[in-house]
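Student: Could we go through this structure together? I would like to begin with the overall layout and then turn to individual residues.

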Amino acid sequence: MKIELCSFSGFKIYPGHGKKIVKTDGRVFQFISSKAESSHMMKRNPRKINWTVLYRRKLKKGQSEEISKKRNRRTTKFRRAITGATLNDIMAKRNQKPEVRKAQREQAIRAAKEKAKAKDAQKKANKAASAKAAPKQKAAKQIHSKAPRVGGKR
Amino acid sequence: MNCLKLYQNVSSTYCRHISTTSCLEHLQKMSRVKVVDNSMIGRQSVIKGKRPRIIHVYTSKKPQVGLLGDTVLIAIMGEKKHAYIVGCVEKQKANVPRFDTNNVVLVEDTGIPTGTRVLVPIPSCLRGKEGDFTKILSIATKFV
């Protein structure tokens, strides 16, 4: 025989106990007692009724706290090799000394700075070339930029 | 003391003891019933509001009351049809579920059910029934 759960209170219903009701829309409800049944008929929410299992679960009453804490501790860290790097490579990177890491960082910074310098030099060269080509256009532009400011002040 | 007695007399005349017995909900002649399979006649009767009624209950017992699994004659859309009772509002025995509507499955004279599927859960205590009932159980979708 199947031991069912009360639809309202959540208690176990052993064979020979309780009531089973099929509603008009075909939903089936099992009740352990007339207390549970009449509460359901009154449209009480079991999550608000203190003695039901749903209420206790929702407010985490009783032993469920301990169980949930124990479960969290069981998660272990698992180190795997990835397609890019084998386990050895990963472990080597992890176990690098801080001085070595610093040296690597400084190298990288230096390389980046040199790149930036090279870029700036190129830009300046380009600007100089364009400036020699058209100096008059720049002068004209300056006069135009002054005029709207005077109007704005008023 | 006298005052107390007077008060008691007054209260006894004011309170009325009304006994209330619950409705029997028997399935007898002229009781309205809900067709629970997907037959066309069943659906039409719902649409037109002409709810089927029991005309005759095929039992040999004296008060002709239909119980779970009994055969019944039903007047539906001007026709007479046989049907099996598949769910009762009446209070049942211990492990039998109680339904909110009196459910019925239409059957032809030959014993073959009119519809192709029963949409509502059927009590599993009907599983042990003989002959023609197995055809209804075969179209059932859910058991309770």
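Tutor: The conversation below covers the chains, their sheets, the salt bridges and one buried aspartate. Please keep in mind that this is a predicted model.

Student: Fine. How many helices and strands are there in chain A?

Tutor: Chain A has six helices and four strands. Read from the N terminus, its elements follow the pattern β-β-β-β-α-α-α-α-α-α.

Student: And chain B, how many of each?

Tutor: Chain B contains three helices and six strands. Along the sequence, the elements of chain B come as α-β-α-β-β-β-β-β-α.

Student: What share of the residues counts as buried in chain A, and what share in chain B?

Tutor: In chain A, 12% of the 154 residues are buried. For chain B, the figure is 40% of 144 residues.

Student: What about contacts between residues far along the sequence from each other?

Tutor: Taking contacts in chain A between residues at least 6 apart in sequence, 23% join residues at least 24 apart. In chain B, residues 24 or more positions apart account for 44% of the contacts with a separation of 6 or more.

Student: Let us move to the sheets. In which order do the three strands of the open sheet come?

Tutor: The order is 4(A)-3(A)-5(B), and the pairing is mixed. Strand 4 (28-31) of chain A and strand 5 (98-99) of chain B are the edges; each has a single partner strand, so one side of each is left without a neighbour in the sheet.

Student: How do strand 3 and strand 4 of chain A run, parallel or antiparallel?

Tutor: They run antiparallel, and four bridges join strand 3 (residues 19-22) to strand 4 of chain A. Within this pairing, A:Lys20 stands opposite A:Gln30 in strand 4 of chain A.

Student: Which helix lies across those two strands?

Tutor: Helix 1 (residues 34-41) of chain A lies across strand 3 and strand 4 of chain A, and runs at about 135 degrees to strand 4 of chain A.

Student: Now the five-strand sheet, please. What is its order?

Tutor: That open sheet has the order 1-6-4-3-2 in chain B, again with mixed pairing. Strand 1 and strand 2 (53-57) of chain B are its edge strands, each pairing on one side only.

Student: How many bridges are there between strand 4 and strand 6 of chain B?

Tutor: There are five bridges between strand 4 (residues 79-87) and strand 6 (residues 103-107) of chain B, in the antiparallel sense. One of the partners in strand 6 of chain B is B:Leu106, which is bridged to B:Ala83.

Student: Where does helix 2 of chain B lie?

Tutor: Helix 2 of chain B lies across strand 1, strand 3 (71-76), strand 4 and strand 6 of chain B. Its direction is at about 50 degrees to strand 3 of chain B.

Student: Changing topic: how many salt bridges are there over all chains?

Tutor: The count is six over all chains. One of them joins A:Glu4 and A:Lys20, with the closest N and O atoms 3.6 Å apart. A:Glu4 lies in strand 1 (residues 4-5) of chain A and A:Lys20 in strand 3 of chain A, so this pair ties together parts that are 16 residues apart in sequence.

Student: Is A:Lys20 buried or exposed?

Tutor: A:Lys20 counts as buried because its relative accessibility is 18%, and the cut-off for buried is under 20%.

Student: What are some other pairs?

Tutor: A:Asp25 and A:Arg27 meet in a salt bridge at 3.1 Å, N to O. A:Asp25 is exposed, at 52% relative accessible area, while A:Arg27 is partly exposed at 49%. In chain B, B:Asp100 forms a salt bridge with B:Arg98, the closest N and O atoms being 3.1 Å apart. B:Asp100 is partly exposed at 30%, and B:Arg98 is partly exposed at 26%.

Student: Last topic, B:Asp37. Where is it?

Tutor: B:Asp37 is in the loop between strand 1 (34-35) and helix 2 (40-48) of chain B. B:Asp37 is buried yet has no salt bridge.

Student: Which side chain of opposite charge is nearest to B:Asp37?

Tutor: That is B:Arg43, 7.8 Å away. A salt bridge requires the atoms to be within 4 Å.

Student: What does the side chain of B:Asp37 contact, then?

Tutor: The side chain of B:Asp37 makes a polar contact with the side chain of B:Ser39 at 2.9 Å. The B:Asp37 side chain also reaches the backbone nitrogen of B:Leu106 at 3.2 Å. Leaving out residues up to four places away in sequence, B:Asp37 touches several residues, including B:Val104, B:Gly115 and B:Arg117.

Terms used: Residues are numbered from 1 along each chain as its sequence is written. Chains are lettered from A and ligands numbered from 1 in the order in which they are written. This is a predicted model: local features need pLDDT of at least 70, side-chain atom pairs count only at pLDDT 80 or more; totals for chains, interfaces and linings use all residues. Side-chain values use heavy atoms; hydrogens and water are left out. Buried means under 20% relative accessible area, exposed over 50%, partly exposed in between (1.4 Å probe, protein chains only). Lys and Arg count as positive and Asp and Glu as negative; His and the chain ends are not counted. A polar contact is a pair of N or O atoms within 3.5 Å; within protein, one must be able to donate a hydrogen and the other to accept it, and residues adjacent in sequence count only if both atoms are side-chain atoms. Contact means heavy atoms within 4.5 Å. Two strands pair if DSSP finds at least two bridges between them. Axes are lines fitted to C-alpha atoms, for helices over the stretch in contact, and angles run from 0 to 180 degrees between N-to-C directions.
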